[in-house]
Amino acid sequence: MSDFIMDYPKAGRGKVPPGTGFSMTDWTRLCMSARKPTERKISQGEIRMHNRPDDMWMVINGKVYDITLFAKYHPGGVNVLLPCAGKDATIMFNKYHAYINVEAMMGPFCFGRYDPTIKFDLPPSYFGLKTEKSTFAKSSGGFGGSTASTPKPWKKGEPLTVDIISSRCTKDALWVIIYGKVYDVTDFQKKHPGGPDFLLQNGGKDCSAEFDKYHSQAARAQLVDYYIGDVKKSVSSLLTPTSTAPPTRKPKPKPALNRLTLKNKKNVSHNTCMLTFTHTLPSIDVPLCGHVRLHSEDGYSRSYTPIKTTPEELTFVIKSYSEGKVSKHVCELQLETTVGMTGPMKSAFSMNDSHDCYVLVAGGTGIAPFYPLLQLLLKRDIPAWVVCCNTTSEDVLLPLDDFPNATVLHHFSKDSGHITKPILESFLPGTSPTATSLVCGPPVFNTTLSGHLAELGYDVTILE
């Protein structure tokens, strides 16, 4: 087998605790705001070039993904991904992650399709270079640039004016402008996948359009390491018409918290509690499948959907995670103590009278938003197909025996592995214009299962 194809792991597998801001929830949010690059055909030679920790590409099912940024979010850590960098990891991916819809999770970072028939002989235009030597290349000596120009003096914190920026255009002092921000890329020249010439051509200038055209979201994330300041507003001669810096966001004021008082607490499983809180507000009208945010004392917050709402009380089912900033705090509350709350907030779902069939797919405590929905569907005599995914039978949190209108499938990953599209297809009814589906669970679960349902023809709503 070719060394381009990875068929077994070179590093030990296992989960690595994510750093702050690098959970799969954070990754899903990042992908929602990412812009997908233009796809193209990519050769094996070009893919092999991207095999470093700061520049990793990978082939999965014939598509080429830039996983540089994702490596920080990968639950298995960076070391598992490194042996696959610059190679085809389809066999490994399908062996360990067959349940994951890779296009749904990594779509914004897909560059194109792997084409083994093309040579790695990219035209100079791919790197933004002209076939003939440009005026810059002739005057500077091409590769390596000129060292004759002396950069004008500048100290950190001083304004970045036109004469200072334009004087940094040689291999020894190289700055570029991208969307109104200035980056010192002097030390990045040898690392640049397109070679140093392209950087030198844009030295001391605005290259926003070129950067967007040829670079991925992962490359955009690396810019922070080279940022030195913003272009002074009067330096308009260096900027392209579309490269104005984005407006600075004002910090959001801290929300005013209402207080909920814990009145009852019951263990549902070894790590999950059912908690009932009272409040002194006139009313808390939580929308169907909506949520409130509970706040820890150190400023963290998380959304939870109550499974039961009365004029005086809210009841939640909350799973406590050892690293959870909010869940652990809430589950360790003593009776008669309080927790901060904001909301309620609407969900992405709204009831549609034209729907006469519901498919509800829940992962763990993701069953909570579906509980009040099932009660409403029962009143209206609307059928529902419910898929409850848990690790073992001991992790089932809420009984569904009281819903005769619901056909229920319990899937336990410890016994049967992760749920797959064929399992869903064999259980669910056929699709129709009047059927709809909802998914609620962890981020990877939501991404994967919503992808499966969409491929089966269902209209899908994800509840975050």
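**Note on a predicted model: cavity, cores and backbone**

1. **The second largest cavity.** Start inside the protein. The second largest cavity has a volume of about 60 Å³. The model is a predicted one. The count of cavities of 30 Å³ or more comes to two.

2. **What lines this cavity.** Which residues line the second largest cavity? They are A362, G364, I367, C388, C389, N390, D395, V396, L397, L398 and H410. By class, seven of the lining residues are nonpolar, three are polar and one is charged. Strand β19 gives the most to this lining, with three residues. Find β19 at residues 384-390.

3. **The chain as a whole.** Now step back. The protein chain has 464 residues, and 45% of them count as buried. Its secondary structure comes to 15 helices and 22 strands. The accessible surface is about 24500 Å². Carbon and sulfur atoms account for 53% of that surface. Look also at how the chain meets itself. Among contacts with a separation of 6 or more, 70% join residues 24 or more positions apart.

4. **The largest nonpolar core.** In soluble globular proteins, nonpolar side chains tend to be buried together. Here, the largest nonpolar core has 26 residues. Y358, L360, F370, L374, V386 and L438 have the most contacts inside this core. Which elements give two or more residues to it? They are β18 (357-363), α12 (370-379), β19 (384-390) and β21 (435-440). The largest share, five residues, comes from α12.

5. **One residue of that core, up close.** Pick L438. Leaving out residues up to four places away in sequence, L438 touches F349, Y358, V359, L360, V361, F370, L373, T461 and L463. Y358, L360 and F370 appear in this list, and they are also among the residues with the most contacts inside the largest core.

6. **A second core.** There is a second, separate core, and it has 25 residues. M24, W27, I67 and I100 are among them.

7. **Helix α12.** This helix deserves its own point. Which residues of α12 are buried? F370, Y371, P372, L373, L374 and L377 are. The buried residues of α12 pack against four strands: β18, β19, β20 (406-412) and β21. After the helix comes D381, with a positive phi near 55°.

8. **Positive phi values.** Most residues other than glycine have a negative phi. Two residues deserve a check here. D381 is not a glycine, yet its phi is near 55°. D381 sits in the loop between α12 and β19. Is D381 buried or exposed? Its relative accessibility is 64%, so D381 counts as exposed. N61 also has a positive phi, about 55°, and is not a glycine. N61 lies in the loop between β3 (55-60) and β4 (63-66). With a relative accessible area of 41%, N61 is partly exposed. The cut-off for exposed is over 50%, so N61 falls short of it.

9. **A cis peptide bond.** Most peptide bonds are trans. Where is the peptide bond that is cis, with omega near 15°? Look from G343 to P344. P344 lies in strand β17, which covers residues 338-345.

Note on methods
Residues numbered from 1 in each chain as written. Predicted model: local features only at pLDDT ≥ 70, side-chain atom pairs only at ≥ 80, totals over all residues. Heavy atoms only, no water. Core = buried A, V, L, I, M, F, W, Y, C linked by side-chain atoms within 4.5 Å. Buried < 20%, exposed > 50% of the residue type's maximum accessible area, 1.4 Å probe, protein only. Contact = heavy atoms within 4.5 Å. Areas by Shrake-Rupley, 256 points an atom, 1.4 Å probe, with all protein chains shown as cover. 1 Å grid on protein atoms, 1.4 Å probe; cavity = no way out; pocket = protein on both sides within 12 Å on 5 of 7 lines; lining within 4 Å. Points joined across faces, edges and corners; volume = space filled by probe spheres on them. Nonpolar A, V, L, I, M, F, W, Y, C, P; charged D, E, K, R; others polar.
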